[in-house]
Amino acid sequence: MNILDSPGKQQTQKELYEKTRTVIVKDSSAGCSQLAAEVADLIRQRQGENKNVVLGLATGSTPVPFYKELIRLHQQEGLSFKNVITFNLDEYHGLAPDHRESYNRFMREQLFDHIDIPQENINIPDGTVSLDAVYESCLDYEKRIEEAGGIDLQILGIGRTGHIGFNEPGSSRDSRTRMITLDRITRRDAAADFLGEAHVPRHAITMGVGTILGAKRLVLMAWGGNKAEIVQQAVEGKVTDRISASFLQEHDNATFLVDEAASSQLTRIHLPWLVGSVEWDRKMIKRAVTWLSHRFEKPILRLVDEDYNESGAGEILTASGRAYNVNIGVFDLVKHTITGWPGGKPGTDDTHRPERADPHPKRVLIFSPEPSDAVMSLGGTIHRLVEQGHEVKLAVQTSGSLRVPDQAAQKFAAVLQEMAQVIGDDASSAGGEYASQVLTQLEEKGLFGDDSEDVKRLKALILRGEVRDAAQVCGLESDAVIFQDLPFYENGRYRQFQMTEEDVDCTAALLEEYQPHQIYATGHLADPSALQTLCYRSIEGALERFKDESWVDDCRVWLYRGKESEMNSYEIDMAVPMSPEQLELKSEAIRKFQSISQEELDSSGRNQTTAKRYDQLGMAEYEAIESFQRRG
Ligand code: F6R
């Protein structure tokens with residue numbers, strides 16, 4: 001489909017709820033190559049007419065694969081950017097162009113340094129401008145856009161607050177380029193890049209909503225499950241300054257370009273029977289009935305025929321009879337997902353249990369992309385698996401060193417240094433020397449310099465200690481924790497990681513050695529550039545290598561969710577309940593991650609929400625529930 005040529009109003013029944021044209025693609029690379037091909041056509045067409053093209057550009061992780069594709073088109077297919085003028089959406093205030101997190105540097109590294117765009121054609125808001133000159137500088141930016149003839153095509157991403165550019169909630173339809181204060185959620189999302197939320201700038205300069213809507217064409221890209229909710233609100237909700245992306249509904253040539261994960265909350269995907277006919281298999285019926293139950297806040301068994309009919313799900317009754325029968329069927333399906341035996345209950349009939357009874361004990365391999373992910377998402381389940389006699393290993397896929405703030409490393413190095421002085425023998429003086437080196441290197445690199453190998457190692461060691469402590473609270477001995485230190489992480493940085501075959505090799509070696517009966521993994525729905533996604537891909541790649549081996553046939557993969565959108569009730573194939581004591585135990589385990597901001601680690605709220613939802617469906621009332629989906 002030609003993205004650039006197909007603007008306009010919604011036509012099909014399927015897209016009825018969508019107020020901005022929305023194109024769903026399989027994944028970000030499919031979307032980006034489509035979009036890049038369209039941009040290339042536009043550039044070439046203008047070259048033929050001896051004219052310039054004005055592109056509005058975005059930063060962040062979303063457009064990275066798009067820029068890669070543009071670079072490929074330049075290098076391999078001779079696409080020239082000599083007639084391209086660019087305007088970037090935004091820049092952090094207070095960051096110099098060569099600061100490692102400045103958008104100026106980002107654009108040079110991700111695109112400009114690799115194409116033939118003339119330097120003078122590049123425009124990025126100036127983050128270094130003094131406060132009393134900001135107003136003038138913003139006016140000047142607007143003027144330059146106008147003088148260039150306006151923006152032909154504006155590329156956008158979307159923040160979890162619904163922002164486009166940095167137009168945080170409250171930005172008006174007519175706002176122009178200006179300085180704004182960043183929202184808390186936006187700053188938290190940038191915390192990993194800046195090595196802690198405290199270092200994320202508070203202000204930024206951004207094109208306004210009005211400036212953006214002034215472009216002739218807008219394409220907003222969104223990848224990954226953590227964007228699903230905000231995409232749905234922006235596309236299907238009402239136009240509001242609480243969600244600046246919703247203003248795209250008022251533009252007559254705007255497209256949302258989203259991957260499957262980011263489209264998952266759109267009505268046509270999430271509640272497909274509302275927009276057309278569907279095939280009512282068991283999964284779809286479970287989905288519709290749990291939705292009805294949540295919608296009417298009635299337990300499943302109390303839904304009546306009218307509830308089905310009034311909410312567009314009457315077709316189920318035509319196919320399956322009275323509500324009473326359908327209710328019982330779905331009630332049982334949901335009930336059977338609940339188990340206190342995540343590794344299977346030995347010696348029992350397992351026909352309706354999520355996991356088979358045999359073999360027992362099982363070899364269980366739990367993958368944690370960052371050191372804290374698994375404990376946060378399935379700490380209670382790990383504890384049960386260990387208690388129930390399984391051979392559990394926790395594979396920590398990346399060292400997590402990039403998340404450890406300098407202060408934590410400073411603290412450890414200072415203690416080590418002092419200890420060396422107190423003890424005073426040869427062995428400890430070597431340790432003391434190492435500690436002094438670390439302290440010097442930390443000072444020399446400053447807040448945003450790259451960590452030296454020594455510093456990285458110390459940070460990784462700090463987290464190793466914390467994971468071992470957390471795992472121990474969940475019942476795991478320290479030798480059950482494996483540190484994979486996947487190379488992509490050691491050689492990269494947040495939002496710019498690149499996975500290679502070497503990462504798959506590491507995971508394959510581990511799988512081959514351990515040959516698990518059960519795997520717990522996450523990252524299948526995360527943003528494609530997220531490290532969780534890359535870690536997950538290393539598992540998929542490794543499993544693919546062994547697909548003909550019998551142990552893989554005998555191995556079940558259970559998927560858990562990290563920071564992406566929460567699992568809907570209908571998606572859950574295994575629900576592991578937790579008592580208040582178990583939840584407290586998990587919180588204790590999570591608190592062991594002292595070097596990581598505690599705000600990032602709070603997961604009990606999620607587990608409690610899942611339990612409340614199950615309660616609402618008419619299931620037993622638990623304190624909390626950890627949920628899993630079986631990999632198909
Ligand atoms: C950046 C920008 C922002 C980002 C948004 C999503 O220039 O304009 O609106 O597009 O914050 O960021 P990512 O792509 O990192 O999820």
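**Exercise 1. The ligand**

Which residue has a polar side-chain atom 2.7 Å from an oxygen atom of the ligand? Find that residue, then describe the surroundings of the ligand in this predicted model.

*Solution.*
Step 1. Go to K227: a polar atom of its side chain sits 2.7 Å from a ligand oxygen. A polar contact is a pair of N or O atoms within 3.5 Å.
Step 2. Look at how much of the ligand is covered. On its own, the ligand has 410 Å² of accessible area, and the protein covers 93% of that.
Step 3. Check T62 next. An N or O atom in the side chain of T62 is 2.4 Å from an oxygen atom of the ligand.
Step 4. Move to S61. Here a backbone N or O atom lies 2.9 Å from a ligand oxygen.
Step 5. Now take in the whole shell. The ligand is surrounded by 15 residues, and the closest are T62, D90, H163, G165 and R495.
Step 6. Sort the shell by character: four residues are nonpolar, eight are polar and three are charged.

**Exercise 2. The sheet with β1**

In what order do the strands of the open sheet with parallel pairing run, and which strands are at the edges? Then pick out a helix that packs on this sheet.

*Solution.*
Step 1. Trace the seven strands across the sheet: β1-β10-β9-β6-β2-β3-β5, with parallel pairing.
Step 2. Find the edges. They are β1 (21-25) and β5 (122-123), and each of them pairs on one side only.
Step 3. Zoom in on the β5 edge. Strand β3 (residues 84-88) runs parallel to β5, and two bridges join them. T86 has I122 in β5 as its bridge partner.
Step 4. Add the helix. Helix α7 (residues 228-236) packs on the sheet and touches β1, β9 (218-222) and β10 (254-259). The direction of α7 makes about 155° with that of β10.

**Exercise 3. The mixed sheet**

What is the strand order in the open sheet with mixed pairing? Work out its edges, one of its strand pairs and two helices that lie across its strands.

*Solution.*
Step 1. Write down the order of the seven strands: β13-β12-β11-β14-β15-β17-β16.
Step 2. Spot the edge strands, β13 (481-483) and β16 (574-578), which each pair on one side only.
Step 3. Consider the twist. On average, neighbouring strands of this sheet are turned by 25° against each other, direction ignored.
Step 4. Take one pair from the sheet. Strands β11 (residues 363-368) and β14 (residues 518-521) pair in the parallel sense over three bridges. In this pair, V364 stands opposite Q518 in β14.
Step 5. Place helix α13 (residues 373-387). It lies across β11, β12 (391-396), β14, β16 and β17 (624-630), and runs at about 165° to β11.
Step 6. Place helix α19 (residues 531-545). This one lies across β11, β14 and β15 (556-559), running at about 150° to β14.

**Exercise 4. Odd backbone spots**

Where do P359 and P361 lie, and what kind of peptide bond leads to each? Then say where E297 lies and what its phi is.

*Solution.*
Step 1. Find the loop between α12 (323-335) and β11, where P359 lies. P361 lies in the loop between α12 and β11 too.
Step 2. Read the bonds. The peptide bond from D358 to P359 is cis, with omega near -5°. H360 and P361 are also joined by a cis peptide bond, with omega about -5°.
Step 3. Go to the loop between α9 (282-296) and α10 (305-310), and you'll find E297. Its phi is positive, about 50°, although E297 is not a glycine.

Conventions. Residues are numbered from 1 along each chain as its sequence is written. This is a predicted model: local features need pLDDT of at least 70, side-chain atom pairs count only at pLDDT 80 or more; totals for chains, interfaces and linings use all residues. Side-chain values use heavy atoms; hydrogens and water are left out. Two strands pair if DSSP finds at least two bridges between them. Helices (H or I, at least four residues) and strands (E, at least two) are DSSP runs, numbered from the N terminus. Axes are lines fitted to C-alpha atoms, for helices over the stretch in contact, and angles run from 0 to 180 degrees between N-to-C directions. Contact means heavy atoms within 4.5 Å. A residue is near a molecule or strand if one of its heavy atoms lies within 4 Å of it. A polar contact is a pair of N or O atoms within 3.5 Å; within protein, one must be able to donate a hydrogen and the other to accept it, and residues adjacent in sequence count only if both atoms are side-chain atoms. Accessible areas come from the Shrake-Rupley method with a 1.4 Å probe; for residues, only the protein chains shown count as cover. Ala, Val, Leu, Ile, Met, Phe, Trp, Tyr, Cys and Pro count as nonpolar, Asp, Glu, Lys and Arg as charged, and the others, Gly among them, as polar.
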